[in-house]
Amino acid sequence: MASDRKVAPNDLSAFWMPFTANRQFKKAPRMFVAADGLYYTTADGRQVLDGTAGLWCCNAGHNRPKITEAVRAQVGQLDYAPAFQMGHPKAFELATALREMAPAPFEHVFFTNSGSEAVETALKIALAWHRARGEGSRTRLIGRERGYHGVNFGGISVGGIVNNRRFFGSLLTGVDHLPHTHLPEKNAFTRGQPEHGAELADALEDIVALHGAETIAAVIVEPMAGSTGVLLPPKGYLERLREITARHGILLIFDEVITGFGRLGSSFAAEHFNVMPDMITCAKGLTNGVIPMGAVLVTDAIHDAFMQGPEHMIELFHGYTYSGNPVASAAGLATLETYREEGLFENAAALAPCWEDALHALKGLPHVIDIRNMGLIGAIELEPIPGAPTKRAFQAFLDAYERDLLIRTTGDIIALSPPLMIDRPRIEELFGKLAEVLKNLD
Ligand SMILES: Cc1ncc(COP(=O)(O)O)c(C=O)c1O
């Protein structure tokens, strides 16, 4: 019987790791056993500077007392309450706190357990909203090349990262993609938003002309594409997308799973760029990564369209067992309080110029073909090794780890997104280590 098996502490074979080169990892494991502030502790006792806020999620840094305590207390008080037809105070408090933090039009919150689920939820709300208003012919969904919207079927259908799609069949039908906004020949080494590319939003007009606006439900984009390797919106691009979608009655969804919660120095990118979509998806920084949670923020106009019909009827046939889970809600509340009390979004905004200078100082190092930044996000694009794409960046990742620095790579791009509590000395430490990595790359 399985229960009689001896559990060997160092047996790595059972856990099939996500988005990981499993065989490579298991030959030379990289294990974190603790974390505090800006540093992870490895199994061999080293302190590794967290250059990626975990996976873009630990915006307040690690082991933050308020969050840890809130989780501890909540588990002891109310560990779980049914999410359907029952409530508990913390979920309502968190929804209200989110509404207060978000830009003005976002009045209502639907909770999920991850960014992927937030995306599925937003897409489903978009379809159901049109139907509720008598426009059920609007079923098409528009994403963008190189977009990342999680890994569920809706998300990979509107997403545009080739390897995330190609192995998984025919996906959702009725999906189109806008062109991505990466124009290295015109915009390389831009600081902040690039000058060129606003007109790429006009591709939406072509899609409208092809199918008819009356068939299109929503456009979903990351206001700043993160996972594909940090692609910034060209100046005027998001404004144009907003104008075209509004003119054709198409909903605009900003996927802010990365850009939410201070990454660009404001609560959400919608606020930073002053472009208001109809829905915002978020996750990650919502709970500082401590307990899984995601959310969809919607306007009154979206929410109120569902609030009709007999009052005993469920208005939206959608939800998760753990939507608004008490422990996740407690973590979320303590996280938002920590952001506010410590002025972490303001810290990110104040440090952004220093971050930008330190990042762009890497220009000229071997193989560096582009550098991009905004807020406390940075990307360094490396020239791929001919015939071996991704290998050079992966080498950089492994070497950085040996030098006690955690970075993230995607393709041949290094992406950086430290906790927002970082300071100038730690920015210097990060880029000092990274410069050594780059100088020593093959
Ligand atoms: C923009 C965006 N959307 C969705 C997701 C998926 O989030 P999760 O991994 O929590 O499902 C991510 C994750 O990186 C993301 O960056």
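Here is a short conversation about how the terms used for this predicted model follow from its coordinates.

User: Before we start, what kind of model is this, and how are residues numbered?
Analyst: Happy to set that out. The model is predicted, so local features need pLDDT of at least 70, side-chain atom pairs count only at pLDDT 80 or more, and totals for chains, interfaces and linings use all residues. Residues are numbered from 1 along each chain as its sequence is written.

User: Why is A97 called partly exposed?
Analyst: A residue is buried if 20 or more other C-beta atoms, placed from the backbone, lie within 10 Å of its own, exposed if 12 or fewer, and partly exposed in between. A97 has 18 C-beta neighbours inside 10 Å, so it counts as partly exposed.

User: Where is A97, and what does it touch?
Analyst: A97 sits in helix α4, residues 89-101. Helices are DSSP runs of H or I with at least four residues, strands are runs of E with at least two, and both are numbered from the N terminus. Leaving aside residues up to four places away in sequence, A97 touches L333 and L336. Contact here means that the C-beta atoms, placed from the backbone, lie within 7 Å. The C-alpha atoms of A97 and G332 are 9.2 Å apart, although 235 residues separate the two along the chain.

User: What makes β4 and β6 edge strands?
Analyst: The sheet is open, with seven strands in the order β4-β10-β9-β8-β7-β5-β6 and mixed pairing. β4 (106-112) and β6 (175-178) each have a single partner strand, so one side of each is left without a neighbour in the sheet. From one strand to the next, the twist averages 20°.

User: How do you know that β4 and β10 pair?
Analyst: Strands pair if DSSP finds at least two bridges between them. β4 and β10 (residues 294-299) are joined by six bridges in the antiparallel sense, therefore the criterion is met. Within this pair, F106 stands opposite T299.

User: How do the helices lie on these strands?
Analyst: α4 lies across β4 and β10, at about 135° to β4. Helix α5 (residues 115-132) packs on the sheet, and its direction makes about 30° with that of β10. Such angles run from 0 to 180 degrees between N-to-C directions, with axes fitted as lines to C-alpha atoms, for helices over the stretch in contact.

User: What makes a residue part of the shell around the ligand?
Analyst: Its C-beta atom, placed from the backbone, must lie within 6 Å of the molecule. The ligand is surrounded by 14 residues, and the closest are S114, G115, S116, G150 and V257. α5 gives the most to this shell, with three residues.

User: Which classes make up that shell?
Analyst: Five residues are nonpolar, seven polar and two charged. Ala, Val, Leu, Ile, Met, Phe, Trp, Tyr, Cys and Pro count as nonpolar, Asp, Glu, Lys and Arg as charged, and the others, Gly among them, as polar.

User: Where do the domain bounds come from, and how far apart are the centres?
Analyst: The bounds come from an automatic or database domain assignment. Domain 1 covers 2-60 + 344-439, and domain 2 covers 68-341. Taken over C-alpha atoms, their centres are separated by 26 Å. The contact takes 30 residues from domain 1 and 28 residues from domain 2.

Conventions: Contact = placed C-beta atoms within 7 Å.
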